[in-house]
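Biologist: Please show me the model, and let me ask how each label is earned.

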Amino acid sequence: MEQSFAGRRALVTGAGKGIGRDTAKALFASGAQVVAVSRTQEDLTSLAQECPGMETLCVDLGDWEATERALSNIGPVDLLVNNAGVALLQPFLEVTKEACERSFDVNYRSVVQVSQIVSRGLIARGAPGTIVNVSSQASQCAIKDHAIYCSTKSAMDMLTKVMALELGPHKIRVNTVNPTVVMTAMGRANWSDAQKSEPMLKRIPLGKFAEVEDVVNSILFLLSDRSAMTTGSAILVDGGFLVG
């Protein structure tokens, strides 16, 4: 039986492409009212054409003040998916101040800000809620040229645990999904080179990268009442990468 999200309002960040876009579409198809957030208006326009009736909001979540203005009157939100993220890959010795700031602004600080806004609204209404933060296997293992990306995702994982601890008494659950390489359009482009992908695939017992649907299914499970006793946890969508 498919999960129904009828009567619930969901906000999905990074909804223009990839995991975020497919999550927004899946929630919409399951009956939820969806607010899709992206910094790229063209992506939101095409998404709204695919899903007539879906709300869209164009804002750069790396900009604290712009985000505050954009979400100040967002209205009631029951389900939040913090998916917006950037991957600015640099060797450790070449990491720049700009890459540090942009990565932490989008991958970490926006999660704090958007989650605060949604959680305050839930608490004010006395309503239960669910937050899913899209993390990565990179939060738990070192990957070459990913010093800042790995660090932002590790920070997200610990933030999720503290949020679960503090928001649990308000009946707000908070979890992460931690995928391996995902075959989004960007993932296919970045990992199509066999010389690059083979060493990674050899470390995955299932012998393949994740499809977008694999991650979306885990997100929907954590948003649903089927995971009603799960908070502060991570679902590894990594084909067993981290068992070794």
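Modeller: The sulfur of Cys-100 is 13 Å from the closest cysteine sulfur, in Cys-150, so that is too far for a bond. This is a predicted model; local features need pLDDT of at least 70, side-chain atom pairs count only at pLDDT 80 or more, and totals for chains, interfaces and linings use all residues. Residues are numbered from 1 along each chain as its sequence is written, and side-chain values use heavy atoms, with hydrogens and water left out.

Biologist: What makes a disulfide, and how many does a search of the whole structure find?

Modeller: A disulfide is a pair of cysteine sulfur atoms within 2.5 Å. The search of the whole structure finds 0. Cys-58 is in none: its nearest cysteine sulfur, that of Cys-51, is 17 Å away.

Biologist: Why is Cys-100 called partly exposed?

Modeller: Its relative accessible area is 27%. Buried means under 20%, exposed over 50%, partly exposed in between (1.4 Å probe, protein chains only). Cys-58, at 37%, is partly exposed too.

Biologist: What makes strand E6 largely enclosed by the rest of the structure?

Modeller: 8 of the 8 residues of E6 (residues 172–179) are buried, so it earns that description. Strands (E, at least two residues) are DSSP runs, numbered from the N terminus, as are helices (H or I, at least four). Ile-172, Val-174, Thr-176 and Asn-178 point one way; Arg-173, Asn-175, Val-177 and Pro-179 point the other.

Biologist: How do you know that E5 and E6 pair?

Modeller: Pairing needs at least two DSSP bridges between two strands. E5 (residues 129–134) and E6 have 6, in the parallel sense. Ile-131 stands opposite Val-174 in E6.
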